[in-house]
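Subject: Structure handover, with notes on chain B

Dear colleague,

I am passing the structure on to you here, together with a written account of what came out of going through it. Please look at the sequence and the coordinates first, and then read the notes below alongside them.

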Amino acid sequence: MTRFPKFITSIGYAGIVLVQSVGYFPSVFLRSDGRRDLFRQLYATGIRTLPVVTVVSIFMGMILALQVGLELARFNQENYLGAAVMLTLLREMAAFCCGICMAACVGSAIAAEIGTMKVNDEIDALRIMGIPPVRFLAAPRILALLLMSPVVAFYCCIMGTIGGGIVGATQLNVDFGQFMSSALWMAADKDLFVGIAKAAVFGVLVGDVSFCEGMGASLGATGVGKATQRAVIVSFLAILISGYMISRAFY
Amino acid sequence: MGEKVIEFVDVVKRFEGRAVLDGLSFAVERGEVFTVLGPSGTGKSVTLKHIVGLEEPDSGEVRVADARVGYLFQSGALIAWKTVWENVALPLVETTRLPDAEIERRVASALEAVGLSDAADRYPAELSGGMQKRAGLARAIVRDAEIVLYDEPTSGLDPVTSAVIERLIVGLNRERGVTSVVVTHDLAMAARISSRIMLIKDGRSVACLPPDEFMRCGEREVAEFVGAAKGERK
């Protein structure tokens, strides 16, 4: 029998889980139990990540403004600071920041939860009851990440811009109002839509990868720990690679 | 001879080259309490997983009658974020189109059968080990299971709770005619509840006899196991 390298079979499995999950999305809305699970996941994905996302995005905007502002000041172009920060956030950094926070906060939790269920025989119990684990566990989680990631990315963008504006006003002598008008002047629909689409893709990848890694857990608590670690690492890689590919396709 | 509901014919299963089941053959008849005994790591749980299709044999054949099968896992395997009621209702909610009133009736009946009506609103983490197993059992029988498979139903439980589980196994068998396959290494319990006991060693059936004959069996492996189990109890 031909043995494929493990990473190829893993990609294949992740692809199958993703396709099956998308097929189960309608059932998540149609079943009352599914809707309840979806709301639980939306809460975990959105509300519970907000504190981390807020801090990360504000500081990311501040760092961006400081680094870009110092260079712009050398050419007396500080007026464009808002535009530079906004463009960077909209096109790349907001989605990226959101994806990383989702992988660290939500993906790790999904992998740990599914991994624990796997080693505690709960996944086998679902199969015996005739309940497909992908429908019951993966579909609500991936759908929640698909719906919530763009919202969180947009929120990242707003908070990052505010952070950048604060640095501009306090350290680079750029008026906050001027910073904001420059930022809004430069923002284009395409940048917004590509950024949001990117965040949605990152969210789906984090959910898919984390579920699959959790399902691969074995050997008790050690196995769950390893699965969680792998879920975060693979999610980061998936975010970086897909982020580049999406940017390449649109710009 | 009664109707066979489960039959293993020369089943072989290997994990990473090691044969866990090595030519295992036996049959379970309708209405029996059939106990699979053996030391840890001899393929008892793997045998159960073959019955429900979680494992496929490398060779040989597993025949299971067309019947509703329930499975009680060693840990209870309850879903952590659902209450006892929701856990027991899960197979009905997810796999049937029964009206809510009928689901409520069946869940209430299953919980009553295992004596957990008062704990319906509690989460698995709030239950003792014995209560988790009883909740798992309620979930296993809620679809009117004709065959129930028990994986180490009394392991890790105190003698009083073990006796409750034993009574439930026997009660389900007598009152509802449930065919039971019990995997355990508890010889005393096996002797009390079983119609027949099978000893597995190295993935093969060493003996398959009614309890009284099993306890007197002169087969070396059986005598060793019985002797060791009696010594343990002393």
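Of the 234 residues in chain B, 42% are buried. Please keep in mind throughout that this is a predicted model, and that every value in these notes was computed from it.

Overall form of chain B

The chain contains eight helices and nine strands, and its C-alpha trace extends over about 55 × 40 × 40 Å along the principal axes. A compact globule of 234 residues would be expected to have a radius of gyration near 17 Å, and the 18 Å found for chain B agrees with that. Among the contacts in chain B with a separation of 6 or more, 67% are made between residues that lie 24 or more positions apart.

Domains and the contact with chain A

Chain B is split into two parts, domain 1, which is assembled from 1–67, 148–155 and 168–234, and domain 2, which covers 78–145. The centres of these two domains of chain B, taken over C-alpha atoms, are 27 Å apart. Where they meet, domain 1 of chain B supplies five residues and domain 2 of chain B supplies six; on the domain 1 side the five are nonpolar, with no polar and no charged residue among them.

Chain B also touches chain A, and in that contact twelve residues come from chain B and twelve from chain A. On the chain B side, helix H2 of chain B (residues 84–95) gives the largest share, namely five residues, while that side as a whole divides into nine nonpolar residues, two polar and one charged.

The open sheet

Three strands of chain B form an open sheet in the order E2-E1-E4, paired in the antiparallel sense. Strand E2 (18–29) and strand E4 (59–64) of chain B are the edge strands, and each has a single partner, so one side of each is left without a neighbour in the sheet. From one strand to the next the twist averages 15°. Strand E1 of chain B (residues 4–15) is joined to E4(B) by five bridges, and within this pairing Val9(B) has Glu61(B) as its bridge partner. Helix H1 of chain B (residues 44–51) lies across E1, E2 and E4 of chain B, and it runs at about 60° to E2(B).

Strand E3 and its partners

Strand E3 of chain B (residues 33–37) is worth following residue by residue in the viewer. Five of its five residues are buried, and the cover extends to both faces, with Val33(B), Thr35(B) and Leu37(B) on one side and Phe34(B) and Val36(B) on the other.

Which strands pair with E3(B) in the parallel sense? One is strand E7 of chain B (residues 179–184), which is joined to E3(B) by five bridges and runs parallel to it; another is strand E8 of chain B (residues 196–201), which pairs with E3(B), also in the parallel sense, over four bridges. Val36(B) takes part in both pairings, since it stands opposite Val183(B) in E7(B) and opposite Met198(B) in E8(B).

With best regards

Terms used
Residues are numbered from 1 along each chain as its sequence is written. Chains are lettered from A and ligands numbered from 1 in the order in which they are written. This is a predicted model: local features need pLDDT of at least 70, side-chain atom pairs count only at pLDDT 80 or more; totals for chains, interfaces and linings use all residues. Helices (H or I, at least four residues) and strands (E, at least two) are DSSP runs, numbered from the N terminus. The radius of gyration is taken over C-alpha atoms; the globule rule is 2.2 Å times the number of residues to the power 0.38. A residue is buried if 20 or more other C-beta atoms lie within 10 Å of its own, exposed if 12 or fewer, and partly exposed in between; C-beta atoms are placed from the backbone. Two residues are in contact if their C-beta atoms, placed from the backbone, lie within 7 Å. Domain bounds come from an automatic or database domain assignment. Ala, Val, Leu, Ile, Met, Phe, Trp, Tyr, Cys and Pro count as nonpolar, Asp, Glu, Lys and Arg as charged, and the others, Gly among them, as polar. Two strands pair if DSSP finds at least two bridges between them. Axes are lines fitted to C-alpha atoms, for helices over the stretch in contact, and angles run from 0 to 180 degrees between N-to-C directions.
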